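Colleague: Got a minute to walk me through this one? I'd like to poke at it bit by bit.

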Amino acid sequence: MTEDTNNLEKGTAMLAVNPALLNSDLFRGLEEDALEAFMGIARLRTVAPLQQIVAEGDDARSMFCVIHGYVRLIKTDRAGHQADIYVCEPRDTFGEYLLSVGKTYAYCACATNHTAIAEFDFGSLAALLDRFPPVEKNITRAMARNFLAAVECIAADRLNTAVQRVANYLLDRGLHDTTSAVIRLPYPKQVLARKLGLAPGALSRAFASLSTFGIAVRGRYIHIADADLLRTAC
């Protein structure tokens with residue numbers, strides 16, 4: 001057995017037991033034969049912090065699913081200014097739209113920390129879709145989910161202030177049935193700022209403003225004294 005074959009088998013075995021991947025839109029509801037075939041073409045990749053996964057304008061060869069860590073999707077204008085358009089979390093996909101449109105990546109993808117991703121080569125995917133139509137349905141579902149996330153992001157940028165974006169984010173972290181809570185941010189605050197479309201300084205000012213609504217920040221821990229009071233900030 002060659003080293004490459006051994007690494008591929010190890011990677012496939014790791015993917016097969018990974019809940020983030022199995023619970024993603026890509027694999028949900030597949031029959032065992034389709035699941036095994038789909039998993040069999042996945043390539044496990046580990047990415048160092050700040051390492052680029054794909055560059056904007058690169059020829060599109062694969063789509064990806066985040067297993068562990070976070071991936072920034074970054075758009076650059078002609079003047080070289082950059083903006084984060086999304087931060088992918090575990091189970092999120094990117095690049096899947098290229099199965100239907102386009103031949104180059106529309107954004108740069110960069111790891112924020114030590115990250116593991118599953119890569120699916122488009123050539124292998126095309127052969128798989130002919131055999132297992134439900135796989136194509138799942139990829140379409142992931143594409144639709146990402147489209148709706150983009151719509152929500154645009155709406156938040158145009159309708160909500162920085163304070164409202166942060167307040168809504170905190171309320172969405174599981175405060176539906178409780179009046180107070182302590183929330184640990186799943187990533188550093190600079191990543192949260194990118195996810196919410198804010199500069200780090202704007203995020204800090206938003207947290208400061210929310211102190212009058214019962215919010216106290218202790219590192220990555222956010223203390224919420226009264227969810228109803230926080231809702232008045234939205």
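Modeller: Sure. On terms, helices (H or I, at least four residues) and strands (E, at least two) are DSSP runs, numbered from the N terminus. This is a predicted model, where local features need pLDDT of at least 70, side-chain atom pairs count only at pLDDT 80 or more, and totals for chains, interfaces and linings use all residues. Residues are numbered from 1 along each chain as its sequence is written, and side-chain values use heavy atoms, with hydrogens and water left out.

Colleague: Okay, so which helix does Arg-145 lie in?

Modeller: Arg-145 belongs to α5, residues 133-159.

Colleague: And what is Arg-145 in contact with, leaving aside its neighbours within four places in sequence?

Modeller: Asp-25 and Asp-92, with contact meaning heavy atoms within 4.5 Å.

Colleague: Is Arg-145 buried, partly exposed or exposed?

Modeller: Arg-145 is partly exposed, at 39% relative accessibility. Buried is under 20% relative accessible area, exposed is over 50%, and partly exposed is in between (1.4 Å probe, protein chains only).

Colleague: How far is Arg-145 from Val-182?

Modeller: Their C-alpha atoms are separated by 29 Å, and the two sit 37 residues apart along the chain.

Colleague: Let's zoom out. How many helices and strands are there?

Modeller: Nine helices and eleven strands. The chain has 234 residues, of which 40% count as buried. Its C-alpha atoms fill a box of roughly 60 × 45 × 35 Å along the principal axes.

Colleague: What share of the contacts comes from residues 24 or more positions apart?

Modeller: 70%, counting contacts in the chain with a separation of 6 or more.

Colleague: Switching to α8, which residues are buried there?

Modeller: In α8, residues 200-209, they are Ala-202, Leu-203, Ala-206 and Phe-207. Down the helix axis they fall within an arc of 140°, so they line one face of α8. That arc is taken from the directions from the helix axis to the C-beta atoms.

Colleague: What do the buried residues of α8 pack against?

Modeller: Two helices, α6 (162-171) and α7 (189-195), plus strands β10 (215-218) and β11 (221-224).

Colleague: Last topic, cysteines. How many disulfides?

Modeller: Zero, taking a disulfide as a pair of cysteine sulfur atoms within 2.5 Å. For Cys-153, the nearest cysteine sulfur is that of Cys-88, 12 Å away.

Colleague: Why is Cys-234 without a bond to Cys-153?

Modeller: Because the sulfur of Cys-153, the closest cysteine sulfur to that of Cys-234, is 17 Å away, too far for a bond. Cys-234 is partly exposed at 36% relative accessibility, and Cys-153 is partly exposed too, with a relative accessible area of 24%.
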